[in-house]
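These are my notebook entries on one protein structure. I record what I looked up, entry by entry.

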Amino acid sequence: MDVALAAGGAWTDPACPVARTVDLIGDRWSLLIIRDAMDGATTFTEFHQRLGIARNILADRLRKLVEHGILDKSATADGRRHTYRLTAAGQDLFTAIVALRQWGERHAFAPDEPHSVLVDGRGRKLPELHPLDQDGAPLSAEASHVRKTA
């Protein structure tokens, strides 16, 4: 897939995968739309009701997510509405969404403050995500670095 920013936009940092990802999906509303799509929302109305987002902003973010291959848009049987579903690229963001959620659980709530919990198909809380090196050992920011390309 050829990935480019719409409307002649420029990449923040063309050689950095993190910067490109943030350019594509890094705003608040896009991430929350992706989160809600993972939780079963499929229609404009469902996203609007769940998020309380202004209709024009929702329409813009849905359009951009479709343009960038994160969501697929299809007409309903009557042709009057559309449904949105995560593409393979959108589904591939699951690990990133879980990582953001787990960071939030650790750092965005007081110790006893209630919050939602993500569970697996059997109702069990997901284990903490931790990067591992090629040998399976835990990896930290201090033990890794970015290799720049030419």
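Entry 1, the cavity. I began with the term itself: a cavity is a set of grid points where a 1.4 Å probe fits but cannot get out. The model I searched is a predicted one. How many cavities of 30 Å³ or more does a search of the whole structure find? I noted one. The volume of the largest cavity is about 40 Å³. I then listed the residues that line the largest cavity: Val-98, Arg-101, Gln-102, Glu-105, Leu-118, Lys-125 and Leu-126. Sorted by class, this lining holds three nonpolar, one polar and three charged residues.

Entry 2, Gln-102. I followed one of the residues that line the largest cavity, Gln-102. I located Gln-102 in helix α6. Is Gln-102 buried or exposed? Its relative accessibility is 5%, and buried means under 20%, so Gln-102 counts as buried. I next looked up its contacts, leaving aside the neighbours within four places in sequence. Gln-102 is in contact with Leu-126, Pro-127, Glu-128 and Leu-129. Of these, Leu-126 also appears in the lining of the largest cavity.

Entry 3, helix α6. I turned to the helix that holds Gln-102. Helix α6 covers residues 94-107. It has 14 residues and reaches 20 Å from its first C-alpha to its last, close to the 20 Å expected at 1.5 Å a residue. Which residues of α6 are buried? I wrote down Ile-97, Val-98, Gln-102, Gly-104 and Glu-105. These buried residues cover an arc of only 155 degrees around the axis, so they lie on the same side of α6. What covers them includes α2.

Entry 4, the largest pocket. I looked up the space in the largest pocket and found about 530 Å³. Fifteen was the count I checked next: of the 15 residues that line this pocket, the closest to its centre are Leu-32, Arg-35, Asp-36, Ile-97 and Arg-101. Which helices each supply at least two residues of the lining? They are α2 and α6. Helix α2 gives the largest share, six residues. By class, I recorded nine nonpolar, one polar and five charged residues in the pocket lining. Arg-101 is named for the pocket and also lines the largest cavity.

Entry 5, helix α4. I moved to residues 55-67, which form helix α4. This helix has 13 residues, and its first and last C-alpha atoms span 18 Å, close to the 18 Å expected at 1.5 Å a residue. Its buried residues are Leu-58, Arg-61, Leu-62 and Leu-65. Seen down the axis of α4, these residues fall within an arc of 100 degrees, so they line one face of the helix. I also asked what covers them. The cover includes the helices α1 (17-25), α2 (28-38) and α3 (44-51), together with β1 (71-75) and β2 (82-86). After α4 comes Gly-69, whose phi is positive, near 75 degrees.

Entry 6, Ala-77. I closed with a residue in the loop between β1 and β2, Ala-77. Is Ala-77 buried or exposed? Ala-77 counts as exposed, because its relative accessibility is 90% and exposed means over 50%. I also looked up its separation from Asp-39, which is 38 residues apart from Ala-77 along the chain. The C-alpha atoms of Ala-77 and Asp-39 are separated by 23 Å.

Methods
Residues numbered from 1 in each chain as written. Predicted model: local features only at pLDDT ≥ 70, side-chain atom pairs only at ≥ 80, totals over all residues. Heavy atoms only, no water. Helix = DSSP H or I, 4+ residues; strand = E, 2+ residues; numbered from the N terminus. Expected span 1.5 Å × (residues − 1). Buried < 20%, exposed > 50% of the residue type's maximum accessible area, 1.4 Å probe, protein only. Arc of directions from axis to C-beta. Contact = heavy atoms within 4.5 Å. 1 Å grid on protein atoms, 1.4 Å probe; cavity = no way out; pocket = protein on both sides within 12 Å on 5 of 7 lines; lining within 4 Å. Points joined across faces, edges and corners; volume = space filled by probe spheres on them. Nonpolar A, V, L, I, M, F, W, Y, C, P; charged D, E, K, R; others polar.
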